[in-house]
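Trainee: I've got this one open for the first time. Can you walk me through how the terms get applied?

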Amino acid sequence: MSSLIEHFEQLALSPPLLETLKELGYEAPSPIQAATIPPMLDGCDVLGQAQTGTGKTAAFALPILEKLSLSSREPQALVLTPTRELAIQVAEAFQGYARHIPGFHVLPIYGGQSMSLQLRHLRRGVHVVVGTPGRVMDHLRRETLSLAALRTVVLDEADEMLRMGFIDDVDWILEQTPAEKQVALFSATMPEPIRRVAHRHLRDPREVKIETRTATVATVRQRYCQVGAQHKLDALTRVLEVEDADAILIFVRTKIAATELAERLEARGYPSAALHGDMTQALREKTIEQLRGGNLDIVVATDVAARGLDVQRISHVINYDIPYDTEAYIHRIGRTGRAGRAGDAILFIAPRELRLLRAIEKATRQPIERMPLPTPEAITGHRLAQFKQQVGEVFNSQDLGFFQELIIEIEREQEMSAHDIAAALTYLAQRDRPFQFEDAIPKDAEKERERPPGRATREGRPPRGERPARETADFDKIRYRIDVGREHGATPQNIMGAIANEAGIEGRYIGRIEIHDDYSTVDLPDGMPPEIFRHLKRVRVRQQMLNIRRLDGAEPERKRPGKPKTERGSNHWEPAVERKPHRRRSAQPTVD
Ligand code: AMP
């Protein structure tokens, strides 16, 4: 998407927000931000087609913060999200962007969290509420949440809310909001039911879509490496070890990340320099000249600083942070394969970002191959091969007479064979950088991420839209009965959505769901904590209290207690089933 907005300063944001963006190291607005912030500041409705990773949270959070009246203590903005994890993340993002706005309060409200805590915060007064539809409805019915002062409603990941059976709830909530308000709807896809909600609740919306322009990048071999954020640096090290590269350009999102990554690579023995917009022109030029001249092999850059960069020896572009859109991707990988040479592009991607990968493939009309993370064995093999080659090269190119004399002397004095001496010297040669490679990436890290759980954690979520065949963990199940069925309009999705959010349990632990006329059954892991059981009894789906109970009539007992995670509120159930190693199927994801 082309946009005339290249700097945050062009966006009519006030100094505290601009200061925050500067501190966060954001260099320029992402395309969705450039397209969404101005109409949202003008009070227009927005229909945005954007997925995770495009910067959409800031796209709605910044205008909301900009227009906030701090003196009013009633919620002025409501953000609806499909899951509690996303609600927490969005609330944290608001808090982060508001770091220079003293007195700002945001409250995440979601099922499973203590109601009294939420009530206390609501009474104290909040400016922004971020919540899952079920819990927001609860508060509205109890009249503990007032939407009278609401100015903006955001529907985040609307297609995901549809998939989880929340769309009617969203509709109902929107009906409880004041007629005069701004609505922004974000969705990765725009299926018909979402369009209908948009049609009903949005007024003359600005449609914002991250265009996927097609382009050819024929000379660049494109691969991707699936890796979670916590293992990215180790993964990068592995890739740098095995790739046969000349010069490497690594892309990150922020100026701070550029500086930090360059420093961390240096610390690991890979001389590198940063290239970003805060550096003086002279320093930037010097860095580029060093790269061009071969005095420097690794540069870590932001998009803005690398714009138009033309250095022929760049053999590899590594997208360490995913680009915001296909256009940025195409520009980035165009920094290699210059002047008809071959080039390599490697993209690091977290499972939740896989959608963007598919969009890029569509835009470039080329598949991006999966690149398995190089294994420690492969790296060790690579180091050994390099060493052997070096030994041969030195033998062929250097005059070794002085050293041969020395070896003869050692043989004589220490009564060692030439083999023994060579082995000792080899040991010395690799002591600072042992041939046998090790790092912190667990052996099954890729497997874990390759088949993410059914839903519930954002990091492990499968690509949206492609409805995953629900994968359930291998566990001892108890069949429960709930008092909501077909005649109430229940679907497996809204039952799963409600139970996952309210019990704080990952979707993969929710087993088979059978819908009958006036009741349904659902399989859940053995060992449900009593507080979760009590809570689930009162949860409603399609206005019906679940009144959950065991199908066999027995009272639940706590054989293998699940671990309540306190930081997620009292009602978070992490079944203990996965800790039984003999039960774990190798292809199943494990809990981090
Ligand atoms: P989102 O798509 O909202 O989940 O954002 C993805 C990530 O991009 C988050 O980690 C943000 O902090 C980061 N981000 C958002 N906007 C920018 C920007 N303009 N520059 C750099 N990073 C950003």
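Mentor: Start at the ligand: one of its oxygen atoms is 2.5 Å from an N or O atom in the side chain of Y26. This is a predicted model, where local features need pLDDT of at least 70 and side-chain atom pairs count only at pLDDT 80 or more, while totals for chains, interfaces and linings use all residues. Residues are numbered from 1 along each chain as its sequence is written, and side-chain values use heavy atoms, with hydrogens and water left out.

Trainee: What makes the 2.5 Å pair at Y26 a polar contact?

Mentor: A polar contact is a pair of N or O atoms within 3.5 Å; within protein, one must be able to donate a hydrogen and the other to accept it, and residues adjacent in sequence count only if both atoms are side-chain atoms. The Y26 pair is at 2.5 Å, so it falls within the 3.5 Å limit.

Trainee: Which distances do Q33 and Y324 have to a nitrogen atom of the ligand?

Mentor: For Q33, a polar side-chain atom lies 2.7 Å from a ligand nitrogen. For Y324, an N or O atom of the side chain is 2.7 Å from a ligand nitrogen. The protein covers 80% of the 500 Å² of accessible area that the ligand has on its own (Shrake-Rupley method, 1.4 Å probe; for residues, only the protein chains shown count as cover).

Trainee: How many residues surround the ligand?

Mentor: There are 15, and the closest are Y26, Q33, T57, R253 and Y324. To be near, a residue needs a heavy atom within 4 Å of the molecule or strand.

Trainee: Now the sheet. Why do β3 and β7 stand at the edges?

Mentor: The open sheet has 7 strands with parallel pairing, in the order β3-β4-β2-β5-β6-β1-β7. β3 (106-109) and β7 (206-209) each have a single partner strand, so one side of each has no neighbour in the sheet. Strands are DSSP runs (E, at least two residues), helices too (H or I, at least four), numbered from the N terminus.

Trainee: How do you know that β1 and β6 pair?

Mentor: Pairing takes at least two DSSP bridges between two strands. β1 (residues 46-49) and β6 (residues 182-187) pair in the parallel sense over 4 bridges, so they qualify. In β6, F186 is the bridge partner of G48.

Trainee: What share of the 592 residues counts as buried?

Mentor: That's 54% of the protein chain. Buried means under 20% relative accessible area, exposed over 50%, and partly exposed in between (1.4 Å probe, protein chains only).
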